[in-house]
Amino acid sequence: MAVQVAVCGPAQCGEREWDLAHELGRLLAERGAVVICGGHGGVMAAVAAGARSRDGLVVGVLPGADRTGAGADLSVAIATGIGQARNAVIVHSGDAVVVVGGSWGTFSELALAMRRGGVPVVQLGDGWRPVDADGRDLPGLRYARTPAEALDLTGLWP
């Protein structure tokens with residue numbers, strides 16, 4: 001079975017987040033990984049476009065009851081009808097979770113992934129940096145500056 005990587009990020013993003021997500025998608029496709037994302041715009045569209053540029057497989061898990069608004073670069077669009085609860089489906093489907101950028105929805109995905117445990121969770125670029133009551137980074141969350149470093153930190157490829 002192919003490696004599956006959940007990529008989470010906001011539906012609206014800046015140029016830096018777009019570039020990071022696009023490169024991440026490209027690298028994932030080159031490694032034969034299936035990309036799982038939320039299937040809409042912003043980071044989700046960028047990672048999908050990057051993966052499809054290398055003929056990768058991209059699964060979009062949509063919040064609505066139909067495929068309205070599904071990204072053009074998705075290989076598969078799954079209409080869930082469960083709204084933002086689809087975030088749990090996304091993070092539970094990955095052998096690793098990579099978070100690019102930050103929004104409230106992205107933060108919920110990061111929290112769900114950390115709560116899930118058992119899989120690597122990597123924050124790529126700037127975005128959420130949760131800390132404990134003493135201001136220390138929470139254990140377990142990994143931080144990467146580049147897409148290649150993010151993939152290395154997942155430990156999925158030797």
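Helix α2 is mostly covered in this predicted model: eight of its ten residues are buried. Which residues of α2 are buried? They are Val43, Met44, Ala46, Val47, Ala48, Ala49, Gly50 and Ala51. These buried residues pack against quite a list of partners: the strands β1 (4–8), β2 (34–37), β3 (57–62) and β5 (96–101), plus the helices α1 and α3 (86–92).

**How α1 and α2 meet**

Let's look at one of those partners, α1. Two packed helices are described by the angle between their axes and the distance between the axes. Here, α1 covers residues 15–30 and α2 covers residues 43–52; their axes come within 6 Å and cross at roughly 35°. As for its hand, the crossing of α1 and α2 is right-handed.

Now for the residues that do the touching. From α1 come Glu17, Trp18, Ala21, His22, Gly25, Arg26 and Ala29, and on the α2 side they meet Val43, Ala45, Ala46, Val47, Ala49, Gly50 and Ala51. Sort the residues of this contact by character and you get nine nonpolar, three polar and two charged. There is a handy idea to keep in mind when you look at such lists: an α-helix has 3.6 residues a turn, so residues three or four places apart point the same way.

His22, a residue of α1, is worth a click in the viewer. Setting aside its neighbours within four places in sequence, His22 is in contact with Ala46, Val47, Ala49, Gly50 and Ser53. His22 and Ala45 are 23 residues apart in sequence, yet their C-alpha atoms are 8.3 Å apart in space.

**Three residues, three levels of cover**

Is Asp55 buried or exposed? Asp55 counts as exposed, because its relative accessibility is 73%, and exposed means over 50%. The table puts Asp55 beside His22 and Thr154.

| Residue | Where | Relative accessible area | Label |
|---|---|---|---|
| Thr154 | helix α5 | 5% | buried |
| His22 | helix α1 | 26% | partly exposed |
| Asp55 | loop between α2 and β3 | 73% | exposed |

Asp55 sits in the loop between α2 and β3, and it has a quirk in its backbone: a positive phi of about 60°, although Asp55 is not a glycine.

Thr154 belongs to helix α5, which runs over residues 147–154. Thr154 counts as buried because its relative accessible area is 5%, and buried means under 20%. What is Thr154 in contact with, leaving aside neighbours within four places in sequence? Its contacts are Ala96, Val98, Pro120, Val122 and Arg142.

**Zooming out**

Step back to the whole protein and you'll find five helices and seven strands. Read along the sequence, they follow the pattern β-α-β-α-β-β-α-β-α-β-β-α. The radius of gyration is 14 Å, close to the 15 Å that the globule rule gives for 158 residues, so the protein is as compact as a globular protein of that length. Along its principal axes, the C-alpha trace spans about 45 × 35 × 35 Å.

How much of the protein is buried? Of the 158 residues, 43% count as buried. The accessible surface comes to about 7,400 Å², and 53% of it belongs to carbon and sulfur atoms. Finally, take the contacts between residues at least 6 apart in sequence: 57% of them join residues at least 24 apart.

Definitions and conventions: Residues numbered from 1 in each chain as written. Predicted model: local features only at pLDDT ≥ 70, side-chain atom pairs only at ≥ 80, totals over all residues. Heavy atoms only, no water. Helix = DSSP H or I, 4+ residues; strand = E, 2+ residues; numbered from the N terminus. Buried < 20%, exposed > 50% of the residue type's maximum accessible area, 1.4 Å probe, protein only. Contact = heavy atoms within 4.5 Å. Axes fitted to C-alpha atoms, helices over the stretch in contact; angles between N-to-C directions. Left-handed = near helix turned anticlockwise from the far one by under 90°. Nonpolar A, V, L, I, M, F, W, Y, C, P; charged D, E, K, R; others polar. Rg over C-alpha atoms; globule rule 2.2 N^0.38 Å. Areas by Shrake-Rupley, 256 points an atom, 1.4 Å probe, with all protein chains shown as cover.
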